Amino acid sequence: MTTWIRSLRPFDAPVSRTVNGRTIDLREAERFIRLFHAENPSVGGLQARLRDVARDVARYGTYTHTYEELEFGARVAWRNSNRCIGRLYWRSLKVRDRRDVHTAEGVALECVAHLRAATGSGKASGIGRSPAAGPGSGGCPGADAGGVTGSGKGVGRGKIRPTITVLPPDTPTMRAPRIVNDQLIRYAGYRTPDGVVGDPANVALTEAAQALGWQGGGGMFDVLPLIIHPGRGRPLLCNLPGDAVLEVPLTHPEYPWFAELGLRWHAVPAISNMCLEIGGLCYPCAPFNGWYMGTEIGARNLGDEARYNLLPVVAERLGLDTSTERSLWRDHAMVELNVAVLHSFERAGVTMTDHHTESRRFLTHLEREEKAGRVCPADWSWIVPPMSGSATPVFHRYYDTRVLTPTFVHHD
């Protein structure tokens, strides 16, 4: 097929000497622009837009998405996320365009604003930006020096909204900022002679923060600061203010002793270390969130042996026989742990879904995509819930495993 790419002249020599060692893949750019116009026919002007993109790539080695293209690309990246079961609401993703924020302090401010907006305690405007942060000494402007993690109350707080904040892309001449943390909210893991206190998954991140001067409290649920690498210069350590971190204390509807365990979890699962790839452009700093499915917390974060490993603790308090696997004590403890998570989030008024409901919703999404003539990629090992898998409808079928773009990918 003849494409507009063939008519392009070679890049200018100065442009080809890139900082990142890459320029835009023109075919990816064309595929995306054509997809955008195919699904948004009222926009019009396809050929003119292709010519504009071709001119900019030839001149600068890159191009700039319009806000409408960015919004569409971010939403379709969620639609294409083959490991996500909660894609039914992909069209509702709120896109915060913050491509003009280039400093580490500015990124820190936007991460805090993102968390507030996602929990209903702040505004999430789609166009424009928050005021840039001034020179800082290592913490988020307005943040508590000690990284307070208490959750405050606000009107409508707890109604989680799917949100993405898109910061600048990499360009041939400039490396964009990056967030080291894999999620905006993570709990510290401290090495001790008796094992890890806190979340073992975050020991390396905790030690990296400590090397930059952070001093944690040594507890099970200490919120880690953000580590933000600017395009150039030293990394910034940012303590999240307490009002940006909504947390839910965990209790059980039938066992009063459960509250004595002192467990809690944060409300917003905001992924922050994946690159948003749209039409050949890489947005390496684009934190995004949906809301939790209960098993993510109850079965994995709190239940996994390599995480908090609470199944033996819960089993002991339940008086279960842990001397033999045939007693199914792990299964019993896991169910009660997940009952506590669902109960606590509902009681706190914080958005959460259960794995049975979300499984049915995913099949609704799959049916809609097939009716629209689109492929719906899915990774079975991620789509099937980690508890009662065969009791959910997503277990009993195969899925298309191809990788589509736009998408989210891990960057270096």
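Biologist: In this predicted model, what volume does the second largest pocket have?
Modeller: The model is predicted, and totals for linings use all residues. For the second largest pocket, the computed volume is about 300 Å³.

Biologist: Which residues line the second largest pocket closest to its centre?
Modeller: The lining of this pocket consists of 14 residues. Closest to the centre are Leu 35, Asn 80, Leu 404, Thr 405 and Pro 406.

Biologist: Which element gives the largest share of the lining of the second largest pocket?
Modeller: Two helices, α2 (26-39) and α4 (67-79), each supply at least two residues of that lining. The largest share amounts to five residues, and the element that supplies it is α2.

Biologist: How many residues in the lining of the second largest pocket are charged?
Modeller: By class, six residues of this lining are nonpolar and three are polar. The charged residues number five.

Biologist: What is the volume of the largest pocket, and which residues lie nearest its centre?
Modeller: The volume of the largest pocket is about 1500 Å³. Its lining has 45 residues. Those nearest the centre are Arg 83, Cys 84, Ile 271, Glu 296 and Trp 382.

Biologist: Which element gives the most to the lining of the largest pocket?
Modeller: The elements that give two or more residues are β13 (288-289), β14 (292-293), α7 (294-301), α11 (380-383) and β16 (407-410). With four residues, the one that gives the most is β16.

Biologist: How many residues in the lining of the largest pocket are nonpolar?
Modeller: Eight residues of this lining are charged and 14 are polar. The nonpolar count is 23.

Biologist: β16 also belongs to an open sheet; why is one side of β16 left without a neighbour there?
Modeller: The three strands of the sheet follow the order β12-β11-β16, with antiparallel pairing. β12 (281-283) and β16 each have a single partner strand, so one side of each has no neighbour in the sheet. The place where β16 stands is therefore an edge.

Biologist: What is the average twist of this sheet from one strand to the next?
Modeller: The pairing in the sheet is antiparallel. From one strand to the next, the twist averages 35 degrees.

Biologist: Which residue in β12 stands opposite Ile 278?
Modeller: β11 (residues 274-278) pairs with β12 in the antiparallel sense over three bridges. Opposite Ile 278, the residue in β12 is Leu 281.

Biologist: What angle does α4 make with β11?
Modeller: α4, which supplies at least two residues to the lining of the second largest pocket, packs on the sheet and touches β11, β12 and β16. Between the directions of α4 and β11, the angle is about 120 degrees.

Definitions and conventions
Residues are numbered from 1 along each chain as its sequence is written. This is a predicted model: local features need pLDDT of at least 70, side-chain atom pairs count only at pLDDT 80 or more; totals for chains, interfaces and linings use all residues. Side-chain values use heavy atoms; hydrogens and water are left out. On a 1 Å grid over the protein atoms alone, a cavity is a set of points where a 1.4 Å probe fits but cannot get out, and a pocket is an open set with protein on both sides within 12 Å along at least five of seven lines; lining residues have an atom within 4 Å of a point. Grid points are joined across faces, edges and corners, and a volume is the space filled by probe spheres set on the points. Ala, Val, Leu, Ile, Met, Phe, Trp, Tyr, Cys and Pro count as nonpolar, Asp, Glu, Lys and Arg as charged, and the others, Gly among them, as polar. Two strands pair if DSSP finds at least two bridges between them. Axes are lines fitted to C-alpha atoms, for helices over the stretch in contact, and angles run from 0 to 180 degrees between N-to-C directions. Contact means heavy atoms within 4.5 Å.
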